[in-house]
Structures are given as structure tokens and as C-alpha cells.
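Q: Please choose a single part of this protein and take me through it closely and in order. I am in my first year, so explain each term when it comes up.

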Amino acid sequence: MNRQEALESIRENVENENLVKHMLATEAIMRALARHMGEDEKEWALAGLLHDIDVELTDGDMNNHSMLGADLARDLGASEAVANAILCHNDRHGVLPETKMEKALFCADPLTGLITAAVLVRPDKKLAGLEANSVRKRFKEKGFAAGANREQIARCSDIGLELDEFITIGVEAMKGIAPQLGL
Ligand SMILES: [Fe+2]
């Protein structure tokens, strides 16, 4: 499956534009992480792009979320490694992230939300002027973007990254696709 086919399937299954943007942001961060770590950029990016494809189909039911997504990805022709990364990004199924790609998706997913929230409180609401340092400060504010799970973000240590480095990679990756994110 190529990226275009993945996007077409997303368009068929996801109406919420913000959810599509979240998946695009996760894709960008996963690609950047793979590049940083010398891993397979295409595979990592695809896992990021597809990871929430079933959110509307499962109607927010976290007990089904990501199981259906993994099946969909497999049906589309994604590798078992990508399907498994999608499956275990939701920790409700008792399948823990084990591979580097799985661990990367697990911590990259909530980072997009924290970065987006940090952009939206800026007067210009633009990614261009956002510094990783200010995202780091927001990370420490518990009440800020509380949905962006800090423990999960901090699991970047599982792929050998310091939090500062992880946030910097995430911010730069999202800046690279700012127009698509509308930020
Ligand atoms: Fe997600």
C-alpha cells in the first residue's frame, strides 16, 4: 500500500478534519523519528498516518479502538509490523509496545496534542514561531492540554530519547507540514 491509498482510505473512514490533521501530524513525527534513528521512514510514517483510522468506525469505544484499525491496515496491505504498532498504541488490549516502531508510535501520538495546544494559545496560532522550549514548559503544566498524557509522552525514554530532544523533533516535524495542519 502506498501513502495515497492510505489517505484515500482515511478519507473514506474519517470525517473529522481535526482527526485527519492529528493523523498527519503523527505521520510527520513518526517519519522524523525514523530518520533520526536510522529506521524505515515509510513504515513508521504509515503507522502514524493510519493509527486512528478506526476512531469514528468504533464510535469512540476504546475497547474496540485500534483492533479494528489494525485489521483495516492489514486489509489495505500494510505490513504486520505496521498493523501491530497500530494495535498496541491503545493500551487497553494488553498488548504492550515492544518494537521500536511500536514504542515510537505510543509516545508520538499524545505529543501531537500537546504541541497543537501549545500553538493554539499563541496570539498568532502559528507553528512557525513556536519554540520547543515553550512546549517543554507546557509539558510541566498539569492542567494544560490535560488530554495529552504526559506519562505516555515521557515514554520517549523507551526509544532512547531525552524529553527535550523528543519535543524538538516533534515540533520541527509538525512545522514541516504546518500548512496541511492549518497551523
Ligand atoms: Fe492518535
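A: Two residues are in contact when heavy atoms of theirs lie within 4.5 Å. By that rule Asp 54 touches Asn 64, His 65, Ser 66, Met 67, Leu 68 and Gly 69, once its neighbours within four places in sequence are set aside. Asp 54 sits in the loop between α3 and α4, and this loop is the part I shall follow.

First, some notes on reading the model. It is a predicted model, in which local features need pLDDT of at least 70 and side-chain atom pairs count only at pLDDT 80 or more, while totals for chains, interfaces and linings use all residues. Residues are numbered from 1 along each chain as its sequence is written, and side-chain values use heavy atoms, with hydrogens and water left out.

The setting of the loop is a chain with 10 helices and 0 strands (helices are DSSP runs of H or I with at least four residues, strands are runs of E with at least two, and both are numbered from the N terminus). Its C-alpha atoms fill a box of roughly 40 × 30 × 30 Å along the principal axes. Of the 183 residues, 49% count as buried (under 20% relative accessible area, with exposed meaning over 50% and partly exposed the range in between, for a 1.4 Å probe and protein chains only). Among contacts between residues at least 6 apart in sequence, 63% join residues at least 24 apart.

Within the loop, Asp 54 is counted as buried because its relative accessibility is 0%. The side chain of Asp 54 reaches the backbone nitrogen of Gly 69 at 2.8 Å, which is a polar contact, meaning a pair of N or O atoms within 3.5 Å, where within protein one can donate a hydrogen and the other accept it, and where residues adjacent in sequence count only if both atoms belong to side chains. Ser 66, one of the residues that Asp 54 touches, is also placed in the loop between α3 and α4. Although Ser 66 is not a glycine, it has a positive phi of about 85 degrees, and with a relative accessibility of 0% Ser 66 counts as buried.

The loop also takes part in holding a metal. The protein donors of the iron ion are His 22 (NE2), His 51 (NE2), Asp 52 (OD) and Asp 109 (OD), at 2.1 to 2.2 Å from it. Donors here are N, O and S atoms within 2.8 Å of the metal (3.2 Å for Na, K and Ca), and as water is not among the atoms, a site may look incomplete. Written along the sequence, the donor residues follow the spacing H-x28-H-D-x56-D. Asp 52 lies in the loop between α3 (41-50) and α4 (67-75), whereas Asp 109 belongs to helix α6 (residues 100-120), so this pair ties together parts that are 57 residues apart in sequence. Both Asp 52 and Asp 109 are buried.

The 4 donor atoms subtend angles of 83 to 170 degrees around the iron ion, and therefore the arrangement is irregular. Four donors would count as tetrahedral if all angles lay between 85 and 135 degrees; four would count as square planar, and six as octahedral, if opposite donors were over 155 degrees apart and all others between 65 and 115, and anything else is irregular.

Finally, consider what lies across from the loop. The C-alpha atoms of Asp 54 and Val 14 are 40 residues apart along the chain, and yet 7.8 Å separates them. Asn 13, found in helix α1 (residues 3-13), touches Ile 53, Glu 56 and Leu 57, not counting residues up to four places away in sequence. A polar atom of the side chain of Asn 13 lies 2.9 Å from the backbone oxygen of Ser 9, and Asn 13 is buried because its relative accessible area is 17%.

For a contrast in distance, Arg 31 in helix α2 (residues 17-37) is 17 residues from Val 14 in sequence, with 22 Å between their C-alpha atoms. Apart from neighbours within four places, Arg 31 is in contact with Arg 3, Glu 41 and Ala 45, and a relative accessible area of 27% makes Arg 31 partly exposed.
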